Amino acid sequence: MAISLRRISLRRISAEASACRLCEASLEPRPVFRVGARARLLIVGQAPGRRVHETGIPWNDPSGDVLREWLAMDRETFYDTSRIAIVPIGLCYPGTVAGADLPPMPRCAPLWQPKFRAALPAIGLTLLVGSYAQKYYLAARRKDSLSETVRAYREYLPEWFPLPHPSWRNKGWLARNPWFAREVIPALRRRVNACLRSV
């Protein structure tokens, strides 16, 4: 996706995003993201869950534990903003219905994703975690299903790396798709390590 915005101040964008109240009629605003101007890897998930909303720390939940396992990465490295930026498609917790998280607010990504990307010039690889991130960034380049998109990850390199969401709800998907652990995770680790070494 081409970014037409001129390079802008990460500090200014972070302050504006933290103060965002665009969706306060629908949710309790508490934008959650972590960024650093020298970050090489960008992780784009869907939206904070309840625990992340309460702590203000992205991926600070069982899904984050699974994602870090996929990356073979400890928490210290994962939260090192000099190396890794985390900006979800929806910055705020959207709430739940029948025990399931609601989708990210649709106005959020078009407003904040281009601004953050313009303010993060060193990003060499972006992980698109889940269907919402893939829909926004890959658009018509996505396959007919998330499974096909993830399996075709090579087509999106070197800029993007699509992944399923590491939620407990996807344990069945992981069991039905053993190729993910066998083929994709080793490739993911190699790409991420190469990206972070290129600082």
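**Entry 1: strand E1 and its partners**

I looked up Leu42 in E2's pairing and found that its bridge partner there is Ala85. The model is a predicted one, and I read every entry below with that in mind. E1 and strand E2 (residues 84-86) pair in the parallel sense, and I count three bridges between them. On the E5 side, Leu42 has Thr126 as its bridge partner. E1 and E5 also run parallel, joined by four bridges. Further along, Val44 of E1 stands opposite Leu128 in E5.

I then checked which way the side chains of E1 point. Leu41 and Ile43 point one way, Leu42 and Val44 the other way, and all are buried. As a reminder to myself, side chains in a regular strand alternate between the two faces of the sheet.

**Entry 2: strand E5**

How many of the five residues of E5 are buried? Five of five are, and I note the strand as mostly covered. Leu125, Leu127 and Val129 point one way from E5, whereas Thr126 and Leu128 point the other way.

I followed E5 across to E6. Four bridges join these two strands, which run parallel. The bridge partner of Thr126 in E6 is Trp160, and that of Leu128 is Pro162. Thr126 is thus listed with Leu42 of E1 and with Trp160 of E6.

**Entry 3: the sheet as a whole**

I put the pairings together. Four strands form an open sheet in the order E2-E1-E5-E6, and the pairing is parallel. E2 and E6 stand at the edges with a single partner strand each, so one side of each has no neighbour in the sheet. From one strand to the next, the twist averages 20 degrees.

Next I looked at what packs on the sheet. Helix H6 does, touching E1, E5 and E6, and its direction makes about 130 degrees with that of E5.

**Entry 4: helix H6**

Which residues of H6 (residues 131-138) are buried? I found Ala133, Gln134, Tyr136, Tyr137 and Leu138. Seen down the axis of H6, these buried residues fall within an arc of 165 degrees, so they line one face of the helix.

I also looked up what covers them. The cover includes strands E1 (41-44), E5 (125-129) and E6 (160-163), together with helices H5 (108-118) and H7 (146-151). Just after H6, Ala139 takes a positive phi of about 50 degrees.

**Entry 5: aromatic pairs**

I counted the ring pairs with a limit of 6.5 Å between centres. The count comes to 10 aromatic pairs. I looked at two of them in detail.

Why is the pair of Tyr137 and Trp160 called tilted? Their ring centres are 4.9 Å apart and their planes stand at 35 degrees, so the pair falls in that class. Tyr137 lies in helix H6 and Trp160 in strand E6, so the pair ties together parts that are 23 residues apart in sequence. Both residues, Tyr137 and Trp160, are buried.

The second pair is Trp179 and Phe180. The ring centres of Trp179 and Phe180 are 6.5 Å apart and the planes are at 80 degrees, so I have it down as edge-to-face. Trp179 is buried, as is Phe180. These two belong to a cluster, in which ring pairs link Trp70, Trp173, Trp179 and Phe180.

**Entry 6: charges over rings**

I noted two cases. Arg68 lies over the face of Phe78, at 4.9 Å from the ring centre. The charged end of Lys115 sits over the ring of Trp112, 4.9 Å from its centre.

**Entry 7: His165**

Where is His165 found? I located His165 in the loop between E6 and helix H8 (171-176). Is His165 buried or exposed? Its relative accessible area is 14%, so it is buried, the cut-off being under 20%.

I listed the contacts of His165, leaving aside neighbours within four places in sequence: Gln46, Trp59, Ser63, Trp70, Val129, Gly130 and Asn170. Among them, Val129 is a residue of E5 that points the same way as Leu125 and Leu127, and Trp70 is part of the ring cluster in Entry 5.

Last, I took one distance across the model. His165 and Leu10 are 155 residues apart in sequence and 27 Å apart in space, C-alpha to C-alpha.

Notes. Residues numbered from 1 in each chain as written. Predicted model: local features only at pLDDT ≥ 70, side-chain atom pairs only at ≥ 80, totals over all residues. Heavy atoms only, no water. Buried < 20%, exposed > 50% of the residue type's maximum accessible area, 1.4 Å probe, protein only. Arc of directions from axis to C-beta. Contact = heavy atoms within 4.5 Å. Pairing = 2+ DSSP bridges. Axes fitted to C-alpha atoms, helices over the stretch in contact; angles between N-to-C directions. Phe/Tyr/Trp six-rings, centres within 6.5 Å; stacked < 30°, edge-to-face > 60°. Lys NZ or Arg CZ within 6 Å of the ring centre and 35° of its normal.
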